[in-house]
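This report introduces a protein model to a reader who has not met it before. Please examine the sequence and the structure shown below before reading on.

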Amino acid sequence: MSDAKNTPKKKMSRRKFLLATGGVIGGGLVVGFAALTPQHKATQKLIGDKAPLLSSWIKITEDNKVHVIVPHVEMGQGSHTSLPMMAADEMDADWDLVSMEQAPAHAAFANEPLGEGFILGNTDIPDVFAPIINKAFFQIAKGMELQITGGSTAVRFTGQYGMRVAGAAAREMLIKAASESWDIPARELVAEKSFVLHKASGKSASFGELAPTAATYTPNPTPTLKSPDNFTIIGTPKKRFDIPAKVNGTAVYGIDAEVDGMLYGAIRHVPVFDCAITNVDSGAAASMPGVKKVVRLDNAVVVVADKYWRAKKALDQVKISHSDSASCGLSSEDLYRQFADALENGDPELDIDTGDAAAVIDASDDVLTADYRVPFLAHATMEPMNCTVKIEDGKVDIWTGTQTPITAKSIAAKIAGVDINKVTYHPCMLGGGFGRRIHQASDYVAPAVKVAMEVGAPVKLIYSREEDIQQDAYRPALLSRFKAVVSDGGNIDAWHNLYTDKNEPVEAPIIPYAADNNYTGVVRSTSHVPFGPWRSVDHSQHAFFIESFIDELANKSGADPYEFRLEKLQNKPKHRAVLERVAEMAGWHTPAPLGRSRGIALHESFGSIVAEVAEISVNNGDVKVHKVSCAVDCGFPVNPDSARAQVESGIIYGLSAALFGEITIEGGRVIQENFPDYDVVRLAEAPDIQVDFINSGKELGGLGEPATPPIAPAVMNAIFTATGKRIRSLPLNNHSLV
């Protein structure tokens, strides 16, 4: 976000040109997205004469209630509250009169700001091009089925360039309605707590009263937005809309779906990912109590029964034979050797090449080298994958928790052979996502639809915990090789980094630190193990690699790890500010408590800069993480309580991976099965976490993922301080510290 005191309108209108549009809905005003565009026309068709509530992003009804329609799912991140806060603040609405509803999975509600945010970044675009750009990105959003929750995009894209602008446009329309009704210049009117006021005369009217007239106006496509010092809702702690239902048990997750006549399906896939079924012996299972049918799919078998437990027990009796492939003999160590060979002999693709790092390294007799590696990781969401499907009279209904609702509908339509408009998606809360429920919707939606078609009855397909862990789309295993030369004065004369494979985002391996000569590149070396986005994607690997090796350079030069970093960030004032804040929080320049050591790490991802200090102890080889101090610059937190919870969650998730997380391949398949062998940090092991936000007022950054990457290097750097042993591969429990 820009310095709002100087250019609030220009900066906020540069790419999300909303775009608000007016329509009378049951006597109220609908402010949609976007003005005079195909999206508005499409949503109006959905609304119809009776005005269903899920019709647009903002609706004001006659009772003066503001309904905010959110095109994101709720999986614990709190965007079902943060996004309405952003719209309501710009409207000057009374927060007590605001409610939230999830947008339907329909192309008319494709999330245009995501496309604009990803593609245009911070590009300034003249306001005159607003309608053209808006129309183009709506078509792109529809074509991409872009209604995705992930990538830390909800607040920084949908909120900043959608909700805020929609709210500001609505406020202008309401004030104009009052101005014309009272014959008073608009400049003399203000909006406050869902009323428009003329303080000089005492006149007032509610938003609900003004809505019908406001709906007749053509909205301003580039409304002026508030400066942060005028926020009344943004930046204040608000109770989340999703919490009461979770507390009282009324929240509906995908696994809670119930349909009359529903059967249950238990699924087991071929254990080796690139093999196919050759034979299924289901005789014993088919005769077990409650079993209705055994369905054979291309790479899986589903037992359908009247109860899930019966289906699961019967599935244990099914014997599956599968084809062979070259992958059947592979182990994790084989794959690491493959990756190492690629680093040695592969053809690199460049990320960055400034100066001549190779020449400096070749000329030096004091080169620091290090190889780092991380394993495959599963998502291990608390709610395993599931989907309930009902097919009747040529229509398909699906109930599931997914990060991509429109895509889930599209998959169901394709499998069932019906038009996508014949598919109804019933939104459910997600018991964890972390990227698992993004593009992988096909591995639980598609088989559920196929099985429902096969048995001719509604079916709830449920992955067992074992199947969920062994049939995931994993965070990739990677190797990263470093070479560096540090001068006697501590300057990084050369930085050379070559790593295996690359997914997203492209900037993950780029260091923020000054280096005179910098070569960073990737060699491709894929495996048969399916991969998918994992919380913070490639940032989680590269933060561990880079921040650990930076610590090695600091140690080699005899410098304090904090001071060494700070010196290399002279041209990065935001990074310096975050690093300085976390050092102050952790008491970096004071001795650690007796028996404890500290480690520090810094990383930027998804527009947010996060620095963490881990305070640990090592006793008889056992590591205890006592405290984590975390400083964050995300521009500003919309809902501070929710933002803090997101940061704490990211730290715990990353800490679990750093200490325990490892998916191991033997014979081409995953050998881990459940939490006893894929452990996570438990409550008794959780550290004290202190979080502080730096309200820089700059562009908004994400919060769902940026706290995850720095925790592994912070802990491992602390372990080096405590023991002198450098941990260059994860997880920690593979290393002896005795």
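Which element gives the largest share of the lining of the second largest pocket? In this predicted model, that element is helix 14, which supplies 5 residues.

**The second largest pocket**

The second largest pocket holds about 360 Å³ of space. Its lining consists of 21 residues, and those nearest the centre are His 269, Asn 299, Asp 443, Tyr 463 and Gln 471. Two or more lining residues come from each of strand 9 (263-269) and helix 14 (442-455). By residue class, the lining comprises 12 nonpolar, 5 polar and 4 charged residues.

**An open sheet and its helices**

Elsewhere in the description, attention turns to a sheet. Its 4 strands follow the order 23-24-25-28, forming an open sheet with mixed pairing. Strand 23 (597-605) and strand 28 (688-693) are the edge strands, each paired on one side only. On average, neighbouring strands of this sheet are turned by 20° against each other, direction ignored.

Strand 23 and strand 24 (residues 608-619) run antiparallel and are joined by 9 bridges. One residue pair can be named here: Ser 605 has Ser 608, in strand 24, as its bridge partner.

Two helices that pack on the sheet are set out below.

| Helix | Strands touched | Angle between directions |
|---|---|---|
| Helix 18 (residues 573-586) | strand 23, strand 24, strand 25 (622-633), strand 28 | about 135° with strand 25 |
| Helix 19 (residues 640-659) | strand 24, strand 25, strand 28 | about 130° with strand 28 |

Terms used
Residues are numbered from 1 along each chain as its sequence is written. This is a predicted model: local features need pLDDT of at least 70, side-chain atom pairs count only at pLDDT 80 or more; totals for chains, interfaces and linings use all residues. Side-chain values use heavy atoms; hydrogens and water are left out. Two strands pair if DSSP finds at least two bridges between them. Axes are lines fitted to C-alpha atoms, for helices over the stretch in contact, and angles run from 0 to 180 degrees between N-to-C directions. Contact means heavy atoms within 4.5 Å. On a 1 Å grid over the protein atoms alone, a cavity is a set of points where a 1.4 Å probe fits but cannot get out, and a pocket is an open set with protein on both sides within 12 Å along at least five of seven lines; lining residues have an atom within 4 Å of a point. Grid points are joined across faces, edges and corners, and a volume is the space filled by probe spheres set on the points. Ala, Val, Leu, Ile, Met, Phe, Trp, Tyr, Cys and Pro count as nonpolar, Asp, Glu, Lys and Arg as charged, and the others, Gly among them, as polar.
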